[in-house]
Amino acid sequence: MSNEPISLSKALASFDALWSPRIVTRVNDYDVRIAKVEGEHVWHVHDDTDEFFLVLDGELHISLREADGERTVLLPQGAVFTVPRGTEHKPYAPSGAAILVFEPSGTLTVGDRHDEVPDHVDATTGHTLGT
């Protein structure tokens, strides 16, 4: 990881792949990842960790399956939302978005349990920026 400031706009401009996060830095045992997203991700659950989202550009929707039913939160540019551990969720961005995600290093983008992973979703723990 770099010990120099990182421009998120330059980092986002360095790749085109959708749903394929890049690790821009680490904080203790957590990855700070950025991703370009469009269309639907996959229903999934992180059993042991919360998942923090910050929308850098565009709008992100996150569908949640909770005890009282299903709901969707809309996150415009600049909004943050944390999906609690154990909550089944599916992010999607009908018109595309750029997001920052904060979660423990080694956490799979498709969680611990998930539906079948479509070809357009990269099931990864994040890629090093520049790869």
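**Exercise 1.** In this predicted model, decide whether F102 is buried, partly exposed or exposed, and then do likewise for Y30.

*Solution.* The relative accessibility of F102 is 28%, and since the partly exposed class covers values from 20% to 50%, F102 counts as partly exposed. Y30 comes to 33% relative accessibility, so that Y30 is likewise assigned to the partly exposed class.

**Exercise 2.** Determine how many aromatic pairs there are, and classify the geometry of the rings of Y30 and F102.

*Solution.* The count of aromatic pairs comes to one. The ring centres of Y30 and F102 are 5.0 Å apart, which satisfies the limit of 6.5 Å for a pair, and because their planes meet at 10°, under the 30 degrees required, the pair is stacked. As a last step, place the two residues in the secondary structure: Y30 belongs to strand β2 (residues 30–40) and F102 to strand β8 (residues 88–104), so the pair ties together parts that are 72 residues apart in sequence.

**Exercise 3.** Identify which charged residues lie over the faces of F15 and Y92.

*Solution.* Over the face of F15 lies R22, at 4.5 Å from the ring centre. For Y92 the residue is K90, which lies over the ring face at 5.9 Å from its centre.

**Exercise 4.** Describe the surroundings of F81, beginning with its strand and its accessibility.

*Solution.* F81 is part of strand β7 (residues 80–83), and with a relative accessible area of 18% F81 is buried. Once neighbours within four places in sequence are set aside, the contacts of F81 include F52, F53, I62, L64 and V73.

Notes
Residues numbered from 1 in each chain as written. Predicted model: local features only at pLDDT ≥ 70, side-chain atom pairs only at ≥ 80, totals over all residues. Heavy atoms only, no water. Phe/Tyr/Trp six-rings, centres within 6.5 Å; stacked < 30°, edge-to-face > 60°. Helix = DSSP H or I, 4+ residues; strand = E, 2+ residues; numbered from the N terminus. Buried < 20%, exposed > 50% of the residue type's maximum accessible area, 1.4 Å probe, protein only. Lys NZ or Arg CZ within 6 Å of the ring centre and 35° of its normal. Contact = heavy atoms within 4.5 Å.
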